[in-house]
Amino acid sequence: MSLYKLSGYVSLALGILACVLLINPFLLFFSLLSAIIGFGFATVNVFQNAKYEYARYGMGYISMLLCSVPVIFLLVLIFRH
């Protein structure tokens, strides 16, 4: 399995995990942790996609969107209180 596919699947899995962990607000720390790690893998995936032009839209873009959801949730919590 190439680095491109591996980083895409790992970042997508960590992005989904970050969104699922937001169901319980007490798990926000673990959600942010998986989002940061997933964002790193998504960055590798996007760079590999840009370098070798594998696909028009890779999984890295979708997982970057999923990994940013916990950060937006945290910002909403901060501004609400």
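Helix α2 (residues 28-52) and helix α3 (residues 59-80) cross at roughly 150°, and their axes come within 8 Å of each other. The axes here are lines fitted to C-alpha atoms, for helices over the stretch in contact, with angles running from 0 to 180 degrees between N-to-C directions. So α2 and α3 are roughly antiparallel to each other; that label goes to angles over 145 degrees, while under 35 counts as roughly parallel, 65 to 115 as roughly perpendicular and the rest as oblique. The crossing of α2 and α3 is left-handed, meaning that the near helix is turned anticlockwise from the far one by less than a right angle (clockwise would be right-handed).

On the α2 side, the contact includes Leu-28, Leu-32, Phe-39, Val-46 and Asn-49, and on the α3 side Met-59, Tyr-61, Cys-67, Phe-73 and Leu-77 are among the residues taking part. Contact means heavy atoms within 4.5 Å. By class, the α2 with α3 contact holds 15 nonpolar, seven polar and no charged residues. Nonpolar covers Ala, Val, Leu, Ile, Met, Phe, Trp, Tyr, Cys and Pro, charged covers Asp, Glu, Lys and Arg, and the others, Gly among them, are polar.

A word on the model itself: it is predicted, so local features need pLDDT of at least 70 and side-chain atom pairs count only at pLDDT 80 or more, while totals for chains, interfaces and linings use all residues. Residues are numbered from 1 along each chain as its sequence is written, and side-chain values use heavy atoms, with hydrogens and water left out.

Now the other helix pair. Helix α1 (residues 3-20) packs against α2 at an angle of about 150°, with the axes 8 Å apart. That makes α1 roughly antiparallel to α2, and the crossing of α1 and α2 is left-handed. Among the residues making this contact are Leu-3, Tyr-4, Gly-8 and Leu-14 of α1, and Ser-31, Ile-37, Phe-41 and Gln-48 of α2. The α1 with α2 contact divides into 11 nonpolar, nine polar and no charged residues.

Zooming out, the protein chain has three helices and zero strands, running α-α-α from the N terminus on. Helices (H or I, at least four residues) and strands (E, at least two) are DSSP runs, numbered from the N terminus. The C-alpha trace spans about 45 × 20 × 15 Å along its principal axes. Of the contacts between residues at least 6 apart in sequence, 64% join residues at least 24 apart.

Of the 81 residues, 30% count as buried, which is to say under 20% relative accessible area (exposed is over 50%, partly exposed in between; 1.4 Å probe, protein chains only). Three residues show how that plays out, with contacts listed leaving aside neighbours within four places in sequence:

| Residue | Relative accessibility | Contacts |
|---|---|---|
| Gln-48 | 17%, buried | Leu-3, Tyr-4, Glu-53, Tyr-54 |
| Tyr-61 | 39%, partly exposed | Val-46, Asn-49, Arg-56 |
| Arg-56 | 71%, exposed | Asn-49, Tyr-61 |

Gln-48 sits in helix α2, Tyr-61 in helix α3, and Arg-56 in the loop between α2 and α3. The C-alpha atoms of Tyr-61 and Gly-8 are 53 residues apart along the chain and separated by 9.2 Å. Arg-56 and Leu-74, by contrast, are 18 residues apart in sequence and 31 Å apart in space, C-alpha to C-alpha.
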